[in-house]
Each structure stands twice: as structure tokens, then as C-alpha cells.
Amino acid sequence: GVAKPTVPTNFEEETWAKLKSAINAIFLKQPDSCDLEKLYQVSLVYFFHSLYFDYDSHLQSLRSLVGQSPDLVVFLSLVEKCWQDLCDQMLMIRGIALYLDRTYVKQTPNVRSLWDMGLQLFCKHLSLAPEVEHKTVTGLLRMIESERLGEAVDRTLLNHLLKMFTALGIYSESFEKPFLERTSEFYAAEGMKYMQQSDVPDYLKHVEMRLNEENERCLLYLDALTRKPLIATAERQLLERHIPAILDKGFMMLMDGHRIEDLQRMYSLFSRVNALESLRQALSSYIRRTGQSIVMDEEKDKDMVSSLLEFKASLDSILEESFSKNEAFCNTIKDSFEHLINLRQNRPAELIAKFLDEKLRAGNKGTSEEELEGTLDKVLVLFRFIQDIELSKEINESFKQSSQARTKLRSGIEMSVHVLTTGYWPTYPPMDVRLPHELNVYQDIFKEFYLSKYSGRRLMWQNSLGHCVLKADFSKGKKELAVSLFQTVVLMLFNDAQKLSFQDIKDSTGIEDKELRRTLQSLACGKVRVLQKLPKGRDVEDDDSFIFNEGFTAPLYRIKVNAIQMKETVEENTSTTERVFQDRQYQVDAAIVRIMKTRKVLSHTLLITELFEQLKFPIKPADLKKRIESLIDREYLERDKNNPQIYNYLA
């Protein structure tokens, strides 16, 4: 304990008399017989003594209250009063000390240390009465708990007492530690109870509300440094412990109900406790489970594509509005869809192709161009989930490792096969060709391997899509020629013959007449002349013959021999162009509408310029003008009344 300072007899009367005359002298501006420095010291000693006895009497009364155990709030108010008195008295002393310091005294004790002395004094008294401190802490915790249970409490009282704890340097040890423990117990119990009683959306709203309340507490009366550990404690007990239960109980319901706001709340709360990975996994299994019922149910095949489109659209809007376009979540949607689309060998692909075909045939009956274009874009997204080319790579790898390839293939030829599933790819007219023996052998070995791996399938060779690299010996040196399969078949005939007529080549290769003329033209009449035509000329005639061009030279080692597009007859040309243009009409219309919707008003020239930039295919201005006219007829656009060269968009 602290020994009480002893005070000379008549100390108060004498000191007060000295002070009184000194203060009068100060006010009357008369020098006093008493030395001013002495006066300064006397005044401080006097105040500290009076403080000491004040504390003593305050604490005595507080101690007696602890025993009687009155209402806690009453007790806390008395503690606050005691503290308030100290502060008032300290301020008074500080005032006098500052005044004396400013006016008369050269060397003074540091005014700040006066304040510290006062605090030390209070602390010493408090340490003599541990039950007072204990009861104060208990009272504070009880008040905060009452507030959490919805009762109104005196927040100013809480604020003052906690400031006292901070000023006395006992806040973190005496208050914060038990406060965080109590908080943890409170929310552990509340979390368990609420998880059982309420559904997930309500539970998440409750958690959000609780976290906001605790945040507010830090602004109103808790020390700022308590915020981090306090929020972390609440998050751990209300959220972290219940992540699996929250997902099990509510995630599917929120997804099925497209509850954007609740899912957004779930996402932001989960991100606070680093639980987004759990949410992402839940999303993945949700998509797979829901999607499986769409893809695997054969009775629902006719609706499969539209159901998948609807499902994907719903997921995309949740990704954007609820899951902050999180990249990992975006990839999860892609991966899960890829899994779904490839669950049933070819069926989804066939249905998607069929759906696309129907949409394109129907054109924009009953829907605007924009809607149609939107639908087509979405279907193409589904289309991209189909593993195709990747599958082809794997087949080639396993073919190279297979026993068929190792035992039967001749060295010196390398071949890779792109296996494309019909229905995923455009259809090509079958084109016959008699392959050289070496390639035939290779095809047969591959076919044997493929059918042993996938029984019940058919392989159709698309000869028009094949391409090869040939090694050729010319008198001026070796070259590599990058050529089509048809060019290859023709060139390989010249291994065994010096000169061949058009008819010879036709009989040997079995290539269709027009295709053969085009092929020979590319080899003998184009830029790269590997063959020579007799007689010379641009077109291939029935009685032409061909010889191998021994003296061929070129600067590069590998040369690409471009195929030549046949000149179509005028009728053919027109009908093809029209067919292509019809397919593209809706793209042009959609582009015009898109541009005008954005710009609202545009001149003819600017509109045409923008269309040329946006459209990925060549098109004549006259055709564009036709499409603009058609949109004016259908009241998408109108000509400006004052200037026919300007178009207005009609919303």
C-alpha cells in the first residue's frame, strides 16, 4: 500500500491564507511579501493533498457500495462521478500552473507531468480497492450485453468509463481481454441458436446486422484498436464455424430461386472470412447436379438446348450481379458446362446444331434481328464447350502409341488425322479420289485402330480438307511443297511417268472434272509452276498434257502452292452470292440497328463507314443501302424530314 502523506498541523488554514493573499495581490497587481515561486509550489502541494483526501473519501464510499451491491448502473455512475471530479480538479490545477508559469515563473515542473501525477495517484487508490475495478468491468460487460439483447443503454456513460480505463492504461488488460472472451461466448451461443431457428437468407441478414452493430460500437464507445479483434471474433463465431451448414442448408435454394440480393450478401460475407473457395465448390456441384437433369433426361431432349440456354443466362446474371464477376467463379461455370455438354457422347452437339439450323431457317419471324443475333451468340457459346479438336489430338497421340501403328506403319510417312464429329462441323460434299498406295495403307491402319477403340462408329474421309507436305527433287536442288491432298495425288503420278494427258490424270486419280481442272491449273498455270502444260495457256483444256518441271527454282526451301478458285458460271456465281448474302442479311440488319441505337441520328455516309468497320465480311454499298431501305420500311429507322441523307433511330 501507499503510506499516507503526513500534513503539518494547521496546514490547510495557513496555506489557504497564503494563497488568498497571493491571489488578491495578483488581482490587485501588488507584489506580495511571499516569494512567487514558493507560492506556486505551495499551491500545487495544497491541491494534491486535497485531491488525495478526495479520492480517499470517494473510494471509501465506492468500496462500501461494492459490499451492498446496488444497481450496477448506479454504481457505474458513481465511478464516473469520481473520475469526473478528478478530471475537473486536474484541469483546475493545470490552469493555475499554466497561468503561474506564463506570468511569473521561469522554471516550472512540466504541466503534462502534473496530469500524470494525478493519474498515478488515482491508479494507486484503485489498486488498493481491486473489488471496485472488478465490479466496474462486470458492470460494463453487463451493459454491453444488455445492448446486444436490444435494450437501450447509456452510451455516454460507457464512453466515459472506457476513456477512463484508457487514460489509466488498464484498458486492454482489465477490459478488452474479458470483453472479447464474453463476445466470443455470446456469439457462439447465438450462432448455434439462430442457425437452427432461421432460414439461410434471414441468418445472413442477421449476421450482416450484427457485424454493423459491432462496428458502430467501436465508433461510439470502444477504443478504436478493439475493432479488428472484435469484428474477427464475431465473424468467426457467426460465420466461419457455420460455412458448410449455410451452404448445405441454403445455397441450392438461393440459386434455384435466383435470389440475386441474398447471393450477393452471401458472397460478400464469405469473402470477409476467406470462404470463397467453399462457395465456388458449391457452385460447381450445383451446376453439375442441375445441368445433369437437363442433359441426361432423354424425354426432355426437345427442350434441352433452350433449357441449357436459360440455365446459362441465369448463371451469368448471378455471376455479374452477385459474385462480382469473380474470375475463378467464371471459370467454374465454363468448366462445369463443358462437363455437362460432353456427358452424353454426341447428343447435345446434335441438338445444338439442329437448334441453330432451325433458328437460322426461321430467320427473324416473330423476333427482332437483335434478339435473333443474341440467341445465336448464346448458342455458339454452348457450342464452344464441345470438346472436339482436343479429342482429336488425344486420338492421334494414342494412335502413335498403338500396336497397329508400331507394327504396320512404314517409316518415311507422317500422318495426323483430325477426327471431327458430324453435326459439330459444316457438312462438306463428299469428293472421291484414288489415293496413292502408301496413303491408302495408312488410312486403313488408322481406321482399324479407331474402330477397335470406338466400336459402332463410321469414319468418312473428307478428302477435300486434306493437306500434305511433299519432298521434291529438282535439278537445282531439293524443295518442300505444301499442297492440298488433290494436288498431292496429281503430283505423285509423275514419280512413275514423264508426260501425262489430262485424260490419263483423270482416269488415274478419279478426281471430279471441275475439281481436277482447278487442281492442274494451280500446279501448271499459277505463280508456282511445278508442272508444265502443253500447250501453254491459262485454262485447262481436254487435250492438254503435262510434264514435270525439272528446272523449277524458287528462293525459299518450303513453298506453298495455292489452290485456285474456279471461275463460276454467271448463274452459279449469282446464286451463291445471293445465298451467302441471305445468310448474312440478319447480321447486317443487326449491325445497322446496333449502331443507330447507340448514335440515335447519323448521316448515310457515316453509317456506311461504321458498317464497313463492324462487318467482318466484304459487302457492296448498294447491298447495304437495300438493308437500310428495308429497315425504314419496317419502321426501325426514318429519314430526317429536312435532310433525306440523315437517318433517325425509332425507339
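Against which helices do the buried residues of α8 pack? In this predicted model, the buried residues of α8 pack against five elements that are listed here with their residue ranges: α5 (130-148), α7 (171-197), α9 (227-238), α10 (243-256) and α11 (260-272). The residues of α8 that are buried are V200, P201, Y203, L204, H206, V207, R210, L211, E214, R217 and C218. Because a helix is expected to advance 1.5 Å a residue, the 21 residues of α8 (residues 200-220) should span 30 Å, and the C-alpha atoms at the ends of this helix are indeed 30 Å apart, in agreement with that expectation.

The largest nonpolar core comprises 60 residues, and within this core the residues with the most contacts are F251, M266, F270, L279 and F323. When neighbours within four places in sequence are left aside, F270 is in contact with L239, I243, I246 and L247, as well as with A275, L276 and L279. Another core, of 37 residues, lies apart from the largest one, and C87, M90, F165 and F179 are among its members.

Strand pairing was also examined, with β9 (residues 646-649) taken as the point of reference. Strand β7 (residues 601-603) pairs with β9 in the antiparallel sense over three bridges, and in this pairing L602 stands opposite Y647 of β9. Strand β8 (residues 637-639) likewise runs antiparallel to β9, to which three bridges join it, with E638 standing opposite N648 of β9. Between β8 and β9 there are six residues, and the two strands form a hairpin.

Conventions:
Residues are numbered from 1 along each chain as its sequence is written. This is a predicted model: local features need pLDDT of at least 70, side-chain atom pairs count only at pLDDT 80 or more; totals for chains, interfaces and linings use all residues. Side-chain values use heavy atoms; hydrogens and water are left out. Helices (H or I, at least four residues) and strands (E, at least two) are DSSP runs, numbered from the N terminus. The expected span of a helix is 1.5 Å times one less than its number of residues. Buried means under 20% relative accessible area, exposed over 50%, partly exposed in between (1.4 Å probe, protein chains only). Contact means heavy atoms within 4.5 Å. A nonpolar core is a set of buried Ala, Val, Leu, Ile, Met, Phe, Trp, Tyr and Cys residues joined through side-chain atoms within 4.5 Å. Two strands pair if DSSP finds at least two bridges between them.
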